[in-house]
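Grab a pencil and work through the exercises below. Each one sets a task and then walks through a solution.

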Amino acid sequence: MTVSSAAGAAHTEGRQAAAAQASRHSRRSRARDRGSRVLAALFLAPTVIGILVFTVVPIAGSVVLSLFHWDVIDTPRFAGAANYREVFTDDTVLVSFSNTLLFMVVAVALQLLLALVLALALSDRLPGWLRSAFRSAFFFPLILSAASISVVMKYLFNQDFGVVNWLLGHVGVDPVPWLTSEHSAMAAVILVYVWQQFGFSFLLFVGGLNNIPKEIHEAASLDGASGLRKHLAVTLPLLSPTLLVASVVGIINALQVFEQPYVLTDGGPGDATRTVVMVIYQSAFEQLRFGTASAVGVLLFVLIMTVTALQFRLSRRFVHYQ
């Protein structure tokens, strides 16, 4: 064998060995990728299964059930769009949607305003231990049962022996029929709801304020901005992503309010504080009209999705990311 032939054979063997090594490396890489995908799927499976079982399936079931008449006892009867026609002609349902929208606007506005003012007030004017104490105190109502809080508040707002009217009497204000007047019942429900819920927004704002670099505020102070002007020109634009999250969560929760009006006023007086979720509950579990209740639930779901989509659409113009 000549030298050139030997060199050619060695070169060929080298290329074959390199190709075999590359093939082995490629197989190992594919095996690692498959293992990573399987591991990721195993970690995601509980969450995905939970969403499917407890969210997607109930929503789909509600949509299907809204097309039937069903009272649990008899066999479901197909109704088509009859339940939706009934909903749109039912004054109680229409009033409940109006009450819920009014409640959402006022309660969320008060909740965000109160949480933001307190977060700004406690951001840097108090010692650290006192700030922590206030944060815990403001968040504490949120971990309590809304029903138990509403029971206590029902006594506090009682017209005859409630503490609220007793305090107002010391400053010369006549007893207010908080829970029995159409003009004040919704106000009482909103106050109780805001008192319990604002702690969540408060903690979000505290975290958002802590993420704003102090150098930005210092630069604004050097430019002559101070007080309210600095907060409007600097703090709020930088806090806008947190404001978006707080408003989205707040609106979704407010549109689903149930415990406070149910315990405090039972939707009364008349229908003054009746909300959409109360109508769903009463239609399904008191009147056994599960088809109608499902139709109202579907409409509430559409309303929540529409409002949330509108918020994210508007956020493109008003939310600023660093």
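**Exercise 1: Get the overall layout**

From the N terminus on, the elements of the protein chain run α-β-β-α-α-α-α-α-α-α-α-α-α-α. Before going further, note that this is a predicted model, where local features need pLDDT of at least 70, side-chain atom pairs count only at pLDDT 80 or more, and totals for chains, interfaces and linings use all residues. Residues are numbered from 1 along each chain as its sequence is written, and side-chain values use heavy atoms, with hydrogens and water left out.

Task: work out how many helices and strands the protein chain has, and what share of its residues is buried.

Solution.
- Step 1: the protein chain has 12 helices and two strands. These are DSSP runs numbered from the N terminus (helices H or I, at least four residues; strands E, at least two).
- Step 2: of the 322 residues, 33% are buried. Buried means under 20% relative accessible area, exposed over 50%, and partly exposed in between (1.4 Å probe, protein chains only).
- Step 3: take contacts between residues at least 6 apart in sequence; 67% of them join residues at least 24 apart. Contact here means heavy atoms within 4.5 Å.

**Exercise 2: Pack two helices**

Task: describe how helix α4 and helix α7 pack, and which residues make the contact.

Solution.
- Step 1: two packed helices are described by the angle between their axes and the distance between the axes.
- Step 2: for α4 (residues 128–139) and α7 (residues 185–210), the angle is about 145 degrees and the axes are 8 Å apart. Axes are lines fitted to C-alpha atoms, for helices over the stretch in contact, and angles run from 0 to 180 degrees between N-to-C directions.
- Step 3: α4 brings Arg135, Phe138 and Phe139, while α7 brings Phe198, Gly199, Phe200, Phe202, Leu203, Val206 and Asn210.
- Step 4: sort this contact by class and you get seven nonpolar, two polar and one charged residues. Ala, Val, Leu, Ile, Met, Phe, Trp, Tyr, Cys and Pro count as nonpolar, Asp, Glu, Lys and Arg as charged, and the others, Gly among them, as polar.

**Exercise 3: Track down the salt bridges**

Task: say which side chains pair up in the two salt bridges that the structure holds.

Solution.
- Step 1: look for a side-chain nitrogen of Lys or Arg within 4 Å of a carboxyl oxygen of Asp or Glu, the definition of a salt bridge.
- Step 2: glutamate 86 and arginine 289 meet this way, at 2.4 Å, N to O. The pair links distant parts of the chain, 203 residues apart: glutamate 86 sits in helix α2 (residues 82–89), and arginine 289 in the loop between α11 (276–286) and α12 (290–318).
- Step 3: glutamate 86 counts as partly exposed because its relative accessibility is 28%, and arginine 289 does so at 27%.
- Step 4: arginine 274 pairs with aspartate 271, with the closest N and O atoms 2.6 Å apart. Arginine 274 is at 12% relative accessibility, so it counts as buried, whereas aspartate 271 is partly exposed at 29%.

**Exercise 4: Judge a leucine**

Task: is leucine 113 buried or exposed?

Solution.
- Step 1: place leucine 113 in helix α3 (residues 91–122).
- Step 2: its relative accessibility is 52%, so leucine 113 counts as exposed.
- Step 3: check leucine 113 against serine 201; they are 88 residues apart along the chain, with C-alpha atoms separated by 9.5 Å.
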